[in-house]
Structures are given as structure tokens and as C-alpha cells.
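Trainee: Could we go through this structure step by step? Please start with how buried the residues are.

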Amino acid sequence: MWWIPAAAAQTFMPPAATDIAKRVNSIYEFLVISSLISFVIVIVGLVYFIQKYKRKSENDKTAYITHNYTLEFLWSFIPFVLFMVLFAWGAKVYWDMRVSPEDAMEIHVNAKKWDWEFIYKNGRKITSDVDDKGKRIPPTMVVPVNKPVKLIMTSIKLNPNDKRDRAVLHSFFVPAFRTKQDIVPGRYTALYFTPTKVGNFHVFCTEYCGTGHSQMLGMVKVVEDNDFNNWVLGSEGGGPKELSMADKGKQIYATRACIGCHSLDGTPMTGPTWKGLYGSDRQFNDGTSTTADENYLRESILNANAKIVKGFTANQMPSFQGQLTDEDVTNVIEFIKSVK
Amino acid sequence: MAGAGSNYLNHEKGIMSWLTSRDHKRIGLLYFYTVGFFFLLGGIFAMLIRTELFSAGMQFTPELYNRFMTYHGVIMVFFVIIPGIPAILGNIIMPLQIGARDVAFPLVNLMSWYCYIAGAALGVASLFMGETVLWGIFGGADTGWTFYTPYSIKFSAANITAAFAAFVAGFSSILTGVNFVATVHKLRCPGMTMNRIPLFVWALYATAILQVLATPVVGITVALLAMENIFGIGFFDPELGGDPVLFQHFFWFYSHPAVYIMILPAMGVISELITAFSKKTIFGYTAIAYSSLAIAGVSFLVWGHHMYVSSQSEIAGLVFSILTMFVGVPTAIKLFNWLATLYKGSIQMQSPMLYALGFLFIFTIGGVTGIFLATIATDVHFHDTYFVVAHFHYVMVGGTLMAIMGGALYWFPKITGKMFNESIARMSFVFIFVGFNVTFFPQFILGAMGMPRRYADYLPAFESLNRISSLGSYVIGFGFIIALYVFINGWRKGAPAPANPWGAKTLEWTVPSPPPHENFDKIPTVTAGPYEYR
């Protein structure tokens with residue numbers, strides 16, 4: 001739109017590092033311009049009337065105007081149309097922001113009081129560090145440019161055994177990506193972005209979480225594809241020393257007796273098989289159905305009786321609430337996802 | 001009936017005559033003193049917040065900052081802005097405007113003030129509870145005024161007490177609401193049809209409906225929170241099988257309508273001021289009256305726009321976005337109607353009118369930035385940043401506080417029987433208006449840059465704008481000190497006020513200033529609308 005002096009509006013926003021961010025900017029610029037126009041109309045009208053109709057004497061006669069339907073219709077209808085346009089435009093961009101892209105690279109995010117942990121599928125865990133002077137170095141998530149990324153996020157307790165403590169809400173916000181998602185204890189939330197710019201971008205926690213809220217900073221470092229592969233291979237930063245998340249989950253599968261009831265080859269046993277489970281359509285005894293996503297799997301692990309798949313009986317599986325840590329549960333889910 | 005010269009201020013004497021008074025005007029003044037006290041307290045917390053944020057790095061401690069932030073919010077929302085206009089100006093003026101001797105239930109009216117006092121006492125007490133963070137005596141809640149779970153479930157007496165204080169203060173709001181609905185329906189004087197009541201009364205009526213219907217929800221929510229804490233029943237705590245996001249739904253189901261409880265009465269005051277000081281009938285009486293009801297109605301259906309990124313479903317987010325856009329329309333209608341009222345008027349720029357025009361200026365900015373937040377894609381960026389802080393201060397402070405100040409000055413001669421010093425009152429406006437914009441406009445930019453709210457510390461890149469903002473807040477503070485002087489000086493030394501110093505047409509100006517104990521010697525009969533300026 002030619003009449004948008006884009007530069008003015010963009011000045012205040014951080015550089016747009018995704019395509020979505022650019023589209024958000026367009027809406028923002030439109031809003032700034034149309035707001036300025038409305039504001040100027042109102043204020044110029046106001047000042048003009050004050051000057052023009054200044055009281056001259058106590059006996060001034062004033063016009064007795066009670067309404068004017070045409071005018072009233074216009075100033076209701078024009079804003080209404082404008083608002084509907086903005087709604088539709090905003091809805092479209094929001095929808096694209098929130099739809100999981102194909103083949104997104106998944107990274108797990110654990111938020112806790114008051115730090116971030118970024119865990120890659122190969123088990124590599126990025127945590128914050130402390131420099132020589134005791135100053136905190138925020139954790140840096142490294143991602144390749146132009147590749148869609150899906151963050152699977154949850155909030156965990158500092159010490160899983162502390163009964164008095166609670167995991168609290170956090171929110172993952174990258175201003176340069178114009179995107180944000182609250183992180184809720186007890187469930188997974190997702191955030192998608194496809195960075196189009198190489199560089200370092202700030203991560204803020206934007207849901208109030210207590211004393212260290214404003215110190216809960218992080219970085220996203222967007223690098224070229226090659227650099228990312230090198231980084232993953234470990235030429236930078238030490239490489240994976242740990243088991244992958246799925247392998248850790250497999251160990252739990254074997255040691256915590258999942259193996260007794262859940263096959264990996266498609267055979268139904270006491271419980272449904274894990275083969276092809278993730279992403280499949282689940283039909284339940286009570287006639288409802290859902291897609292098996294991370295939150296469904298989590299609920300089934302912690303409270304198996306919440307939803308019983310057709311053809312199986314309830315009360316066969318113990319609750320693992322309090323038996324497995326949040327990280328264990330996530331690892332088991334990653335293992336289930338790997339059994340295709 | 002006492003003799004000539006007797007009015008509601010002097011017809012009974014002694015402190016007990018005030019503490020047990022059922023006169024709506026006296027109860028309004030009781031509210032004025034107490035709300036005024038909490039406004040000063042909340043203002044001090046605001047200054048402390050801005051002092052912490054004056055520079056990057058910590059001036060106080062994060063623990064202290066979080067308590068300043070919490071108490072500023074709790075006090076200003078629950079103890080100042082919500083009761084502000086209805087309980088002070090509404091109580092004193094509304095029965096006068098409809099030609100009634102008092103509200104429908106005078107004793108309930110007194111009771112509502114005691115609920116307020118009980119809530120306020122609990123709120124102050126909570127400052128001394130919980131983990132102490134200052135001088136070994138001050139602790140207090142650190143949850144923010146929203147009390148979001150699971151953070152607020154951490155077994156802290158201070159958090160629960162502060163939430164309970166809001167719960168008790170809520171009853172004061174409900175009682176006022178019930179009273180006003182009954183009063184508007186039953187006590188209008190002969191000839192005062194619903195189409196002839198002043199727009200301030202219409203606004204209070206719409207507000208009262210919200211108070212009655214919405215406030216119980218916050219009560220229920222706090223009760224559930226208490227049951228969770230005391231009996232370990234899981235409502236919001238994921239470790240007990242609860243859902244923390246459910247709390248946000250409950251909270252905003254009340255607190256969004258509460259936003260309109262704060263702003264609708266302000267809009268009513270503005271309608272009175274604009275007509276009185278332009279000596280012109282209101283443009284679009286019906287549109288303004290019914291748009292108040294429309295705003296009140298739609299306000300129940302938009303709570304989810306506080307939760308676009310809370311993990312509520314995308315579909316829900318879209319529905320709340322379009323419903324929120326609907327609120328914009330009646331709001332725009334009001335603004336244009338006020339503007340049209342000025343057209344061909346006889347405008348006098350007295351200090352109450354300055355505040356009313358200041359309201360139009362600030363509220364326009366607050367209104368258009370609301371659309372930035374209703375548009376769901378941009379809200380994802382702005383949510384929980386300083387953009388939101390700036391927006392709601394433009395609406396709540398710039399809107400409601402401007403209206404409180406304008407209304408208080410406008411009705412000051414009626415309430416006290418004295419005139420205030422006009423030129424000092426104008427000076428207070430200049431400081432408050434300029435200070436306000438200097439404080440809050442930079443916060444829009446900080447929000448666009450991505451600075452999150454409720455941060456005790458920030459990146460160095462945000463420092464210069466924060467500094468401007470902090471300086472502005474001191475200017476506002478100075479403006480309110482001047483305003484306080486205007487009130488005290490006017491009451492003590494002001495010249496006696498005539499019955500109708502502004503030449504206004506509504507009924508309260510037909511009785512002497514200050515009004516007699518039961519308002520009217522003889523109940524008036526009305527034959528025309530409220531703004532018959534010709």
C-alpha cells in the first residue's frame with residue numbers, strides 16, 4: 001500500500017526475522033496509519049470547535065441538535081467495516097502463525113523458576129551458564145535459517161521432589177519473530193517459527209513468574225545450514241554426550257514395565273501398541289475421539305483411565321503421576337513418537 | 001426538618017453521625033476520604049515502581065519491586081477505580097439527578113462502605129504477612145493484581161489475604177450495584193422517564209448491572225482458590241489434577257466486565273461536563289444511553305482476549321477477537337457524539353471542561369490502541385508487553401481519572417457549598433495531563449520494541465524511554481498534590497457557592513449548595529429532558 005510510510009512505523013519494532021513477522025508488521029503499519037488519521041480527525045475537530053464556538057456571553061444561544069441519523073450511521077458503519085477488515089486480516093496471519101509447518105525441527109523447551117532449558121532430540125541440553133564474574137550467560141538455542149522449528153514447551157519444577165514448590169506459568173517471547181506462547185505446567189504448548197534472518201535474537205519470559213522474572217532471558221541464534229550441521233555434529237560446543245531423548249524414553253519403557261502391556265510391533269496386548277500411535281486417530285469407549293498428540297500421550301501416561309481406547313478395558317494401568325518426572329514423561333513421549 | 005441554612009453537612013454533628021449516616025451524600029463523602037487515601041497509597045507505589053525502573057539494573061530488590069507492582073495494581077483497581085466514580089460521585093449525585101430523597105436502600109449503602117473498609121483493612125494487613133522483604137516487617141503478596149495460578153498457590157498467607165481483600169471489597173461493589181439498579185427503577189421523580197434521566201445515571205445504571213452480575217464470579221474464584229489451599233481440592237493446581245488456565249477464564253470473566261465498571265461511569269461524567277460547559281443539548285442521547293448498555297452486554301463475551309496466547313484454542317481466540325471488535329463500535333459512537341455536541345455550542349474552558357477535553361484526547365489514544373490489541377495477530381506480539389500497560393493506563397487513568405477529576409471539580413460546589421480556586425485547578429490539569437502523556441506514551445514504544453511488563457529490570461536498550469516515563473510520573477504526582485491543595489483550600493477558604501454556578505440544567509443544580517439532608521423540600525416534577533439548553 002503506497003500510502004503507508006512504512007519506515008515511520010517500523011522504527012519502533014525490532015527487525016523482522018521471520019515472514020510472519022513481516023506480515024504482522026504490515027498490519028501494525030496499517031493500524032498506526034489509520035489510528036493517526038482517526039486521531040487527527042478527532043483532535044482537529046475538537047480544537048476547531050473549541051476555537052470557533054468559544055463562549056461569548058452568558059446568554060449565548062446554542063443550536064438544538066439532538067441527532068442526525070445519516071451522520072450517526074456513517075460514524076458507526078465506517079469504524080465497523082474497518083474493524084472487520086482488521087479482524088479478518090489479523091485472523092489470517094494468526095492462523096498461519098499457529099499452524100504446524102510440515103517437517104518442523106522439534107526442540108523441547110523446559111521453563112522453570114527462573115531459567116530456560118533447550119533440549120534437542122539427540123539429547124543435547126542447553127542451559128544457562130555463569131561467567132568468571134558470576135554473571136549469568138543466558139542459554140542460546142541454535143537453529144538453522146529458513147527451516148521451520150516447532151518448540152514443544154512445558155514448565156517444570158526446580159526440584160521435582162519439593163512438595164511445597166509449584167511449577168508456574170511462563171511465556172516464550174521472541175520480539176523479532178513477533179510470536180509468543182504461554183507455558184503451562186502439566187501440559188505441552190507449542191510455538192512455531194521459521195527464521196529468515198541469520199543473527200542473535202532475544203528471548204523474554206513474558207508471563208509473570210516471580211522474583212527472577214526479569215532475569216529469565218534467553219537467546220535464539222539463527223545460523224546458516226552448514227554451521228548448524230557442524231554445531232550439531234559437535235565441532236562447536238562439544239557435541240552430544242548424552243543419549244537421545246527417545247533412547248532415554250526407551251530405557252524407561254523397559255525398566256518401568258511399559259513393555260509388559262504395550263508392544264512396539266503393532267500387536268495389541270493388555271494396552272494398545274505404541275507402533276504408529278503418535279498422530280493417529282484414537283476412538284474411545286465413550287464414543288469420543290482425538291488425535292494422539294503430546295498432551296494426549298501425557299494424560300494417558302499420568303492418568304490412564306481418563307480416556308480408554310475402544311476394545312480395551314479400564315483400570316489396567318497404574319497412574320504414573322508422581323512416579324515419573326516431567327522430563328521422564330517427555331522422554332517416553334519422544335520414544336513413542338519414534339516408534340513408527 | 002431543621003431550619004433554614006441546614007444542610008446535609010451540618011444537620012447532625014459528631015463523628016458517630018457520620019459513621020452511622022444513611023444519607024447518600026455523607027456515605028459518598030466517606031467513600032471520598034477512604035478512596036482518596038488509597039489513591040495516595042497506590043500513587044506512592046506507582047512512584048516506587050517508576051523509581052525502580054528509572055535506570056537499568058536494580059535500585060531496590062526484585063522482591064520489593066514485585067510487591068510494589070502488586071499493591072499498585074490491587075489498590076488502584078479494587079480500591080480506587082472500581083469504587084471511584086459510582087461510590088463517590090454516583091452516591092452523592094445520582095439520587096439528586098433523578099429527583100429522589102436518597103437511594104433505595106440507605107442502610108445497604110452504609111453497609112457497602114463497611115465492606116469496602118473491611119476489604120481495605122485486609123489489603124493493608126496483607127502487607128505485613130508472608131515472607132518479609134523490608135525492615136523485617138513488610139512482606140505482602142507478590143502475585144500481581146491478577147493472582148494467576150499456580151503462582152498464587154504457594155502457601156503464602158499474604159497472597160490469599162490480598163485475594164480475599166479483593167473478594168470482600170467485591171461485596172461493597174455488589175451492594176452499590178443492587179442499590180443503584182433499584183434506585184433508578186423505583187425512585188425517579190414524577191415525569192422522570194427513562195428517556196429523561198441524565199446520561200450519568202444511564203452510565204451508572206449500566207455499570208450497576210455489571211457490578212451485580214460479574215462481581216460474584218471473582219468471589220467464587222477466590223473461594224475456590226481458598227478451598228484449594230486449605231482442603232487440597234484440585235481446581236487450578238496441575239499437581240492436584242486442576243487446570244491453571246481455568247483460573248484465568250474465571251478471573252477475566254469478572255475482570256473484563258470490571259474494566260467497563262471502571263470506564264462506563266467515567267463516560268457518564270463526560271456527557272454531563274460536555275453539555276454543561278458547551279451549554280448545548282447532548283447530541284445523540286439515545287445512542288449514548290444505549291451504547292452504554294451495549295458495551296455492558298458485549299463486555300461479558302470478550303474475556304478471552306486477555307488469553308490469546310494462554311493456550312486456549314485458536315478458534316476461541318478468533319471468536320474473542322471479533323467480539324472485541326464489536327466493543328469498538330459503541331465506543332466510537334460515544335466519542336463522535338461528544339464531539340458533535342461541541343458543534344455550535346457555547347464553549348467555556350473552565351477546569352472541569354479542561355479535564356473532559358483531556359479525557360477525549362487521552363481516551364481517543366486509549367481507544368485506537370485497543371484495536372491494536374483486539375487484532376489477534378498483532379496482539380500476539382503486544383501481549384504482556386508495555387504496550388498493554390500503556391493502553392490500559394490510557395483508558396483507565398487517562399479516561400477514568402480525568403473523569404473523576406473533572407467530575408469532582410464540577411460537583412465540588414454542590415458537594416461542599418464552596419467554590420474552588422479556578423486558576424490553580426487549571427494548573428493541576430496542565431501538570432496531570434502533560435505528566436500523564438510523558439509517562440505513558442513512551443510505554444507504547446517500549447511495548448512495540450518488545451519490553452515485557454512486570455520486569456524489575458530491563459535491557460540497557462530500554463533505558464532512555466523508561467527514564468522519560470519515570471520523569472513523567474513525578475510530574476503527575478506533582479499535579480495531584482496541586483489538585484489536593486485545590487480541594488482542601490477550596491473547602492476551607494472558598495467563596496460560598498450559588499445553587500447553580502455553571503448554569504447547568506440537571507436537577508441537582510436546582511437545590512441549594514450544599515443540598516439539604518433529604519435533598520428536596522418538595523419532590524420535583526419533570527416535564528422535559530435533562531439537557532434543555534436552547
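Mentor: Chain B has 534 residues, and a residue is called buried if 20 or more other C-beta atoms lie within 10 Å of its own, exposed if 12 or fewer, and partly exposed in between, with C-beta atoms placed from the backbone. By that count the buried share of chain B is 62%. This is a predicted model, in which local features need pLDDT of at least 70 and side-chain atom pairs count only at pLDDT 80 or more, while totals for chains, interfaces and linings use all residues. Residues are numbered from 1 along each chain as its sequence is written, and chains are lettered from A and ligands numbered from 1 in the order in which they are written.

Trainee: What share of chain A is buried?

Mentor: Chain A has 340 residues, and the cut-off for burial is again 20 or more C-beta atoms within 10 Å. The buried share of chain A is 34%.

Trainee: How many helices and strands does chain B have?

Mentor: Helices (H or I, at least four residues) and strands (E, at least two) are DSSP runs, numbered from the N terminus. Read along the sequence, chain B shows α at every place in the pattern α-α-α-α-α-α-α-α-α-α-α-α-α-α. The count is 14 helices and zero strands.

Trainee: Why is chain B called as compact as a globular protein of its length?

Mentor: The radius of gyration is taken over C-alpha atoms, and the globule rule is 2.2 Å times the number of residues to the power 0.38. For 534 residues the rule gives 24 Å, and chain B is close to that, so it counts as compact, with a radius of gyration of 23 Å.

Trainee: What radius of gyration does chain A have?

Mentor: A compact globule of 340 residues would come near 20 Å. The C-alpha atoms of chain A fill a box of roughly 95 × 55 × 45 Å along the principal axes. The radius of gyration of chain A is 27 Å.

Trainee: Which domains are assigned in chain A?

Mentor: Domain bounds come from an automatic or database domain assignment. For chain A the assignment gives domain 1 (6-50 + 67-98), domain 2 (105-233) and domain 3 (245-338).

Trainee: How many residues do domain 1 and domain 2 of chain A bring to their contact?

Mentor: The centres of the two domains, taken over C-alpha atoms, are 33 Å apart. Two residues are in contact if their C-beta atoms, placed from the backbone, lie within 7 Å. On that basis domain 1 of chain A gives 10 residues and domain 2 of chain A gives 13 residues.

Trainee: Which helix gives the most to the side of domain 1 of chain A that touches domain 2 of chain A?

Mentor: That side has eight nonpolar, one polar and one charged residues. Here Ala, Val, Leu, Ile, Met, Phe, Trp, Tyr, Cys and Pro count as nonpolar, Asp, Glu, Lys and Arg as charged, and the others, Gly among them, as polar. With four residues, the most comes from helix H2 (residues 19-52) of chain A.

Trainee: Which element supplies the largest share of the side of chain A that touches chain B?

Mentor: The contact takes 71 residues from chain A and 75 residues from chain B. The chain A side divides into 39 nonpolar, 20 polar and 12 charged residues. The largest share, 16 residues, comes from H3(A).
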